[in-house]
Amino acid sequence: MVNCKSSRKNENNWDYFSIKNILHGIALVLTFTAHALHALKAESIVVAELDCPESTTCTTCTKKPLCSWSVELQACANTKLLRAPQSNLQQLIIHNETRCPRFEAVNKSSVAGVSFKYTVRISNDAEGSVTAFLAGSTITCCIESCDFRGSVVDDSIVCVAVRAPRSYFADGATALISYIYVMIGDRKLRFDDDADHYYTIYDRDCSPATSAAEANDCATCLWTDGGYKHYLKSCPTGDPCTGPYWVYDKRDADGNEKLRFADDDLVRVRCAEIGILSVRPLYAPRTGSGTTAMTITVRNHRMLAENRTVTVAVAGRRCEDPVTYDDRTITCSVPQHHPSSAVAAASSAFAGPVEVVYTPTSSSSSSRSSSTTRATRFALRSSETVGFVDPETISVSPTCGPASGGTKLTVRGRFLDAGNAVRVSVVSTEPETTAETVVMACDTVSRDRHTIVCRTNATVVRHRENSSFRYNESGSARVKVQFDGGPIRYVQSPASWTVCAAGDAALDAGQTFAGTVSGGTAVPVRGIRFSCLTDAQFYVSDRDGGAATYQHAAGCRVANDTYMECRSPDMRHASSSVGVVPATFPDFGVRARYCGEDRASDLPVQLQLFRSSAVRSPFSLFADPVYVDFEIRDGAIVISGGGQSSTSGRGYASPDVTVRFGNSTGACQVTSVSRHEIVCRPTSTTAATVLDHLRRVVVTVGGDGGYACDVHKKFTEHRKDGRGGKLLLFAGVTLFSCCRDVAIVSAAVLLIVSIICVLLLRAVTKNRYVISVDT
């Protein structure tokens with residue numbers, strides 16, 4: 001029978017959920033509509049807040065999105081606003097930079113007493129709509145005052161003729177500069193280049209004597225700063241028209257109103273034609289007894305410095321004795337503050353720009369510059385900053401080098417590129433005095449902010465009482481770094497630097513060396529002058545009974561000048577040691593590179609007093625240790641050896657042994673190692689319950705590459721089995737002894753028992769479940 005009720009229930013659920021989905025859809029539509037309205041409102045706000053009006057030329061306006069230029073209004077506005085119905089001259093609305101009309105002054109100079117017509121050429125007007133619009137507009141030319149009419153002639157705007165009388169040059173000026181602009185109705189005609197507004201009138205006709213190269217000697221600058229427009233023109237002494245000439249003009253943001261300023265005002269020039277190109281160095285020592293020479297490159301500096309005094313400040317500090325090196329280079333010196341001075345104590349490391357100020361001298365009163373410019377001070381400020389810092393020398397490598405020189409030293413630290421010059425040397429303090437003596441100089445190869453690389457010269461040879469003086473014997477040689485003849489820094493890591501000669505390192509006589517077959521155990525080595533060793537290795541050689549010789553080696557770590565810790569080599573594949581241990585090997589030693597040598601060599605053994613040759617014992621090789629079991633005794637883990645066959649404690653020591661718990665977490669510290677046992681105490685972080693359940697430990701001798709052995713806990717009960725072997729019982733678990741044959745038998749028995757258990761379990765569960773069908 002079919003249960004129809006279930007279907008009806010689902011139908012009702014469908015109707016219910018369909019209505020719910022419709023309501024949910026209506027809510028989504030309303031939400032989307034609200035978001036759309038909000039987005040449109042936000043867009044209108046963005047359109048209203050566009051920075052289109054900030055652009056004052058067609059070119060800059062049309063580069064901005066959603067901005068267009070109106071030739072009629074001579075203004076930049078939002079494109080949507082310009083498309084509004086009130087604008088009926090759509091051809092005069094420019095949307096693309098390539099269609100912007102160009103306005104350029106044809107002539108920018110004339111001679112006093114001669115009439116001139118200020119002319120502006122119209123270009124990039126292919127359809128002629130802009131020219132037609134201007135021809136039908138009222139044009140006024142403003143030359144000092146807006147009293148002159150203009151008109152469109154062909155493709156140009158031409159103002160009526162104007163003549164500058166010679167009386168304007170009565171004060172000895174050679175040129176006058178006027179600001180001229182054109183009004184279209186009540187709108188100012190915008191030029192792409194503000195320099196076209198400036199018109200020069202000379203006191204005489206110098207055009208025949210002026211070449212193209214000479215005409216370009218003058219520098220012209222226009223910049224906007226603080227809401228004002230600035231214009232500066234400077235000409236050198238050799239200019240055929242003006243001679244040494246300066247003129248400066250300051251106007252409001254629109255350029256219509258000329259602003260007056262005091263004679264002692266400081267004008268900060270900001271333009272490419274007149275400016276600071278570079279400053280070196282960018283970091284200088286803050287304190288010291290020397291000075292840091294600064295090199296400042298200024299474009300058109302020599303022209304700016306004519307009849308003017310030059311002062312330089314570096315991050316607020318006065319740079320003394322500025323000297324003009326060439327047409328655009330200034331050199332001066334910044335004194336370093338003495339470390340104990342109040343100025344040095346009050347100031348910390350800081351940075352700031354370089355400022356060059358040009359102040360008119362008394363002789364400049366006779367200059368032919370405009371009267372408003374003769375007493376004006378001009379300042380240039382660098383874009384780069386100079387920091388006064390405290391250099392730090394942190395480390396040096398390598399830590400030693402031969403007396404013959406040639407070692408490449410690398411000093412590491414902070415602000416190591418401070419100043420112009422750095423001097424690195426190895427110095428030694430005399431035992432009787434505190435005076436320093438230069439052991440060897442180090443010529444600078446390269447340096448940056450964090451490193452100085454130099455190459456040592458040969459040791460400076462000195463004699464005392466007809467015997468040579470060995471600087472490295474005093475142990476007080478160190479690396480010294482001096483910046484700009486001022487601050488001195490000594491490398492702190494290491495505090496001493498060793499000057500060595502080839503063959504100086506040697507081993508102490510009378511030492512004994514031993515290890516185990518698997519290797520990795522510590523081999524202490526003592527001697528002299530170990531600090532200069534690199535790539536040290538402990539090696540043992542053996543022979544296979546014939547002429548072949550094999551070497552087995554392991555690394556060494558130099559701890560100090562008289563001690564290194566080596567590792568015994570792995571001798572498991574040595575032909576002489578197989579089955580014959582303990583054994584001795586007379587051919588062994590330490591090989592290393594000394595003082596940067598290209599090849600490694602054997603370290604000799606020091607001669608003993610009253611002996612003509614060095615004597616040393618052979619290297620002793622012992623078998624790997626054997627461990628049988630362990631027990632817990634007084635809270636410690638005691639690992640027992642194998643009686644007479646054990647070699648525990650021979651060829652290794654406590655630091656070579658580590659004990660890990662086999663079936664739980666915890667740590668154990670080895671406290672003693674003897675011939676028959678190892679004592680290991682758990683650390684304080686190991687819980688006491690861990691020892692109660694501990695069944696197995698792993699003993700490692702010689703580190704990860706050495707010998708490892710699994711050791712089981714000692715059993716409390718045991719009895720003889722039928723075959724004569726030991727059947728060991730502990731905690732209800734039966735284990736066989738460590739004999740190899742018994743272990744194989746036990747594994748086979750366990751496998752058979754497992755198979756039988758699986759078969760019994762399957763037989764029991766076969767008919768446990770019954771599958772029934774409800775009919």
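How many bridges pair strand β29 with strand β32, and in which sense do they pair? The legends below begin with the whole chain and reach this pair in the second view.

**View 1. The predicted chain as a whole.** The model is predicted: local features need pLDDT of at least 70, side-chain atom pairs count only at pLDDT 80 or more, and totals for chains, interfaces and linings use all residues. Residues are numbered from 1 along each chain as its sequence is written, and side-chain values use heavy atoms, with hydrogens and water left out. The chain has 10 helices and 57 strands (DSSP runs numbered from the N terminus; helices are H or I of at least four residues, strands are E of at least two). Of its 775 residues, 39% are buried (buried is under 20% relative accessible area, exposed over 50%, partly exposed in between, with a 1.4 Å probe and protein chains only). Carbon and sulfur atoms hold 53% of an accessible surface of about 42700 Å² (Shrake-Rupley method, 1.4 Å probe). Among contacts with a separation of 6 or more, 63% join residues 24 or more positions apart (contact means heavy atoms within 4.5 Å).

**View 2. An open, antiparallel sheet of seven strands.** The strand order is β27-β29-β32-β31-β30-β35-β36 (two strands pair if DSSP finds at least two bridges between them). At the edges are β27 (392-397) and β36 (488-490), each paired on one side only. Neighbouring strands are turned by 35° against each other on average, direction ignored (axes are lines fitted to C-alpha atoms; angles run from 0 to 180 degrees between N-to-C directions). Within the sheet, β29 (residues 408-414) and β32 (residues 451-456) are antiparallel and share five bridges. Lysine 408 has arginine 455 of β32 as its bridge partner.

**View 3. Two separate nonpolar cores.** The largest core has 35 residues, and Phe103, Tyr118, Leu134, Ile157 and Val182 have the most contacts inside it (a nonpolar core is a set of buried Ala, Val, Leu, Ile, Met, Phe, Trp, Tyr and Cys residues joined through side-chain atoms within 4.5 Å). Apart from it lies a core of 34 residues, including Cys221, Ile274, Ile296 and Val356. Beyond its neighbours within four places in sequence, tyrosine 118 contacts residues including Ile157, Val182, Phe191, Asp196 and His197.

**View 4. Aspartate 508 in the loop between β38 and β39.** The flanking strands are β38 (506-507) and β39 (514-516). Aspartate 508 is partly exposed, at 28% relative accessible area. Not counting residues up to four places away in sequence, aspartate 508 touches Arg526, Gly527, Val605 and Gln606. Glutamine 606 is 98 residues away in sequence, yet the C-alpha atoms of the two residues are 5.6 Å apart.
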